[in-house]
Amino acid sequence: MNNDLSDMSARHGHVRCLLCGNENPLSLGLNFRPTGDDSVAAVYQPPSNLQGYDGLLHGGMAAALLDAAMTHCLFHHEISALTGDLHIRYKHPIPIDTPLEIKARLVLARPPLYRLRAEIVRGDFLFVWAEGDFYQRRST
């Protein structure tokens, strides 16, 4: 797996991404790294401007964070793919202003289809998980 984030984002046309793009001034600056087991992870502390209810991360932002983790897991496998289906299970509200770990792993690879699982956790505590089906992008 490749771990040069800026080079990887450029190769996959992702440098202006709202969540991780290094050429987007509004980017959240997510930085996913390989974890050594064909997975990726990033640490992120959501700021208060991303809340829904007072003190809690907006559910749509949680979905976006999980989707980004799965996308970056594919990037680390040198796969560029688009989300086709995303199933999310919100188990517990996610507090803002606290460090979280966002991680993803590849579950199934049957090109052009890939299935991934992602989680937002703090230590061993699981806040939310998602499974997604991604479809490999066609070369242009």
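# Salt bridges, sheet and core

Biologist: Which residue forms a salt bridge with arginine 117 in which the closest N and O atoms are 3.3 Å apart?
Modeller: Keep in mind that this is a predicted model. Arginine 117 lies in strand β5. Its side chain also has a polar contact of 3.3 Å with the residue you're after. The salt-bridge partner, with closest N and O atoms 3.3 Å apart, is glutamate 119.

Biologist: Is arginine 117 buried or exposed, and at what relative accessible area?
Modeller: The cut-off for buried is under 20% relative accessible area. Arginine 117 falls under that, and glutamate 119 is classed as buried too. Arginine 117 therefore counts as buried, with a relative accessible area of 17%.

Biologist: Which residues do salt bridges that share partners join into one network?
Modeller: Glutamate 131 forms a salt bridge with arginine 117, with the closest N and O atoms 3.9 Å apart. That pair links distant parts of the chain, since glutamate 131 sits in strand β6 and arginine 117 in strand β5, 14 residues apart. Salt bridges with shared partners make one network of Arg117, Glu119 and Glu131.

Biologist: What surrounds arginine 117, say from Met70 to Glu131, once neighbours within four places in sequence are left aside?
Modeller: Some of its contacts are charged residues, including Lys103, Arg105 and Glu131. Glutamate 131 is itself partly exposed, at 32% relative accessible area. The complete set in contact with arginine 117 is Met70, Lys103, Ala104, Arg105, Val107, Trp129, Ala130 and Glu131.

Biologist: Which residue does aspartate 133 meet in a salt bridge?
Modeller: The N to O distance for this pair is 2.6 Å, and the partner of aspartate 133 is arginine 115. Aspartate 133 lies in strand β6 and its partner in strand β5, so the salt bridge ties together parts that are 18 residues apart in sequence. Aspartate 133 is buried at 11% relative accessibility, while the partner is partly exposed at 30%. So the name you want, given the strand β5 end of the pair, is arginine 115.

Biologist: How many salt bridges does the count come to?
Modeller: Aspartate 133 with arginine 115 is one of them. Arginine 117 with glutamate 119 is also among them, as is glutamate 131 with arginine 117. The count comes to 3.

Biologist: In what order do the strands form the open sheet?
Modeller: The secondary structure of the chain comes to 2 helices and 6 strands. Along the chain from the N terminus, the elements run α-β-β-α-β-β-β-β. In the sheet the pairing is antiparallel, and the strand order is β1-β2-β4-β5-β6-β3.

Biologist: Why is one side of each edge strand left without a neighbour in the sheet, and which strands are they?
Modeller: Strands of a sheet pair through backbone hydrogen bonds. Each edge strand here has a single partner strand, so one side has no neighbour in the sheet; the two are β1 (33-34) and β3 (81-90).

Biologist: Over how many bridges do β3 and β6 pair?
Modeller: One place to look is isoleucine 88, which stands opposite alanine 130 in β6. The pairing of β3 and β6 is antiparallel, and the number of bridges is 9.

Biologist: At about what angle does α2 run to β5?
Modeller: α2 (59-76) comes after the loop that holds aspartate 54. This helix lies across β1, β2, β3, β4, β5 and β6, and its angle to β5 is about 125 degrees.

Biologist: Which element gives the most to the largest nonpolar core?
Modeller: That core has 33 residues, with Leu30, Phe32, Leu57, Met70, Ile94, Ile102 and Ile120 making the most contacts inside it. At least two residues each come from β2, α2, β4 (100-110), β5 (113-122) and β6 (125-136). With 9 residues, the top contributor is α2.

Biologist: What is leucine 57 in contact with, leaving aside neighbours within four places in sequence?
Modeller: Leucine 57 is among the residues with the most contacts inside the largest core, as is Ile94. Its contacts are Pro46, Leu50, Gln51, Gly52, Ala62, Leu65, Ile94 and Ile96.

Biologist: Is aspartate 54 buried or exposed, and at what relative accessibility?
Modeller: Aspartate 54 is in the loop between β2 (39-44) and α2. Proline 95 is 41 residues away in sequence, with 9.2 Å between the C-alpha atoms. Exposed means over 50%, and aspartate 54 therefore counts as exposed, at 72%.

Definitions and conventions
Residues are numbered from 1 along each chain as its sequence is written. This is a predicted model: local features need pLDDT of at least 70, side-chain atom pairs count only at pLDDT 80 or more; totals for chains, interfaces and linings use all residues. Side-chain values use heavy atoms; hydrogens and water are left out. Helices (H or I, at least four residues) and strands (E, at least two) are DSSP runs, numbered from the N terminus. Buried means under 20% relative accessible area, exposed over 50%, partly exposed in between (1.4 Å probe, protein chains only). A nonpolar core is a set of buried Ala, Val, Leu, Ile, Met, Phe, Trp, Tyr and Cys residues joined through side-chain atoms within 4.5 Å. Contact means heavy atoms within 4.5 Å. Two strands pair if DSSP finds at least two bridges between them. Axes are lines fitted to C-alpha atoms, for helices over the stretch in contact, and angles run from 0 to 180 degrees between N-to-C directions. A polar contact is a pair of N or O atoms within 3.5 Å; within protein, one must be able to donate a hydrogen and the other to accept it, and residues adjacent in sequence count only if both atoms are side-chain atoms. A salt bridge is a side-chain nitrogen of Lys or Arg within 4 Å of a carboxyl oxygen of Asp or Glu.
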